[in-house]
Amino acid sequence: MDLVFDTSALPVGDRAEAWRESTARALVPTELTLRDAARFEARIHTTALGATRLSAMSYGPLLSLRTPRLIRRSDPEHYQVALILGGRQGVEQAGNNAVLRPGDLVFYDSSRSFTAWAEQEDGGPAAQSLLLQFPRRLMPLAESRLARLSAVPLSGSEGVGRVMRGFLEALAAERSRCGPYDAARLGATAIDLAAALLAHHLGDERAAAPSRSPREVLFLRITAFVDQHLREADLTPSAIADAHGISLRYLHRIFQQHGTSVAAHLRDRRMARCRRDLADPALRRLPVHAVGARWGYPTPSHFNRTFRAITGLSPGRYRELAHEHPDDDDPGDALDVG
């Protein structure tokens, strides 16, 4: 697993903001309060598993809020299953409130507000957890039913919960020995296990059976994989096909059957992220060319041409309109661009 955040190299005064920024990129944006900022320590290791991501985290006492405002600004539309490894932790969502101990599992949703907290008990270890994230659209269970299980403690000591716990722990330990094809398959297995766990606690194991055709499931996994890797400039149709163990011709056929092409889907998803970041007040000081570079356009001229072809505006003008009309869904609507 790759180390993406470590407070040990940071001045104490910078740690809270650095943690907030790192978790926004690797997890989801939240509002953060540290219980003891002067002594706060944290570390995140993360790894991609196809469309799925697994993160191993340790952190000091904190309070984290996922608010409606943050959801409107940025929502990866992920479900999350956490395995608690250390400390006393809790999460509140959808009217449920879980107090969690080591060995517990808990499910929650990035598209709903939540409050999460962690405490370091006297003489005990820092709060630690493994967090599995995957796109909501890959879950075969209905959203309306899953809300009942948000922020509900799920035992990891018996039955399906014990299987899920063992799988996540083994995956974190052995990921470095798995190749990219292995990782994609293991990510799909993790989603299947999460569905089995949640269906068990809903009292209907049959509900976890896939209701889509294998080709439809593959398309959803591929598009979720694309969303996970949009930042990579070398994310090409060939790389996508290789990651899923299929031919390039078959990949193109799958997208054609959904009324689009691989290249068009990549462009549209990258442009959506660029428009979001250009409209984000928190990123106003980030240069326009850096916005393009962070979403797979390392060459400013290519980014400018592509952006103008899609929106009819330069990235800089789009940003100006976004801040002049912050309530518009698409700032380009404020200007008749023909």
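1. Is T7 buried or exposed in this predicted model? With a relative accessibility of 2%, T7 counts as buried, because a residue is classed as buried when its relative accessible area is under 20%. T7 is found in the loop that runs between β1 (2–6) and α1 (15–26).

2. The surroundings of T7 may be described next. Leaving aside residues up to four places away in sequence, T7 is in contact with R15, F40, E41 and A42. For A42 there is also a polar approach: a polar atom of the T7 side chain lies 3.0 Å from the backbone nitrogen of A42.

3. The strand β1, which precedes the loop of T7, belongs to an open sheet of seven strands with antiparallel pairing, arranged in the order β1-β3-β4-β11-β6-β9-β12. The edges of this sheet are formed by β1 and β12 (154–155), each of which pairs on one side only. The helix that follows the same loop, α1, packs on the sheet and touches β1, β3 (42–49), β4 (52–59) and β11. The direction of α1 makes about 145 degrees with that of β1.

4. Within the sheet, the pairing of β6 and β11 deserves attention. Strand β6 covers residues 78–86 and strand β11 residues 127–135, and eight bridges join them in the antiparallel sense. I84 stands opposite S129 of β11.

5. How many residues does the largest nonpolar core have? This core has 60 residues, and M139, M164, L168 and I240 are those with the most contacts inside it. Helix α5 (residues 180–202) supplies the largest share, ten residues. Another core, of 27 residues, lies apart from it and includes A42, L62, I84 and F114. A42 is thus a member of this second core as well as a contact of T7. In soluble globular proteins, nonpolar side chains tend to be buried together.

6. I240 may be examined individually. Not counting residues up to four places away in sequence, I240 touches I222, F225, V226, L235, L251, V262 and L266. One of these contacts, L251, is among the buried residues of helix α8.

7. Helix α8 (residues 248–256) has L251, I254 and F255 as its buried residues. Viewed down the axis of α8, these fall within an arc of 95 degrees, so they line one face of the helix. The cover over them includes α6 (214–228), α7 (237–243) and α9 (262–279). On the face turned away from the buried side, α8 carries the exposed residues R249 and Q256.

Conventions:
Residues are numbered from 1 along each chain as its sequence is written. This is a predicted model: local features need pLDDT of at least 70, side-chain atom pairs count only at pLDDT 80 or more; totals for chains, interfaces and linings use all residues. Side-chain values use heavy atoms; hydrogens and water are left out. Helices (H or I, at least four residues) and strands (E, at least two) are DSSP runs, numbered from the N terminus. Buried means under 20% relative accessible area, exposed over 50%, partly exposed in between (1.4 Å probe, protein chains only). A polar contact is a pair of N or O atoms within 3.5 Å; within protein, one must be able to donate a hydrogen and the other to accept it, and residues adjacent in sequence count only if both atoms are side-chain atoms. Contact means heavy atoms within 4.5 Å. Two strands pair if DSSP finds at least two bridges between them. Axes are lines fitted to C-alpha atoms, for helices over the stretch in contact, and angles run from 0 to 180 degrees between N-to-C directions. The arc is that of the directions from the helix axis to the C-beta atoms. A nonpolar core is a set of buried Ala, Val, Leu, Ile, Met, Phe, Trp, Tyr and Cys residues joined through side-chain atoms within 4.5 Å.
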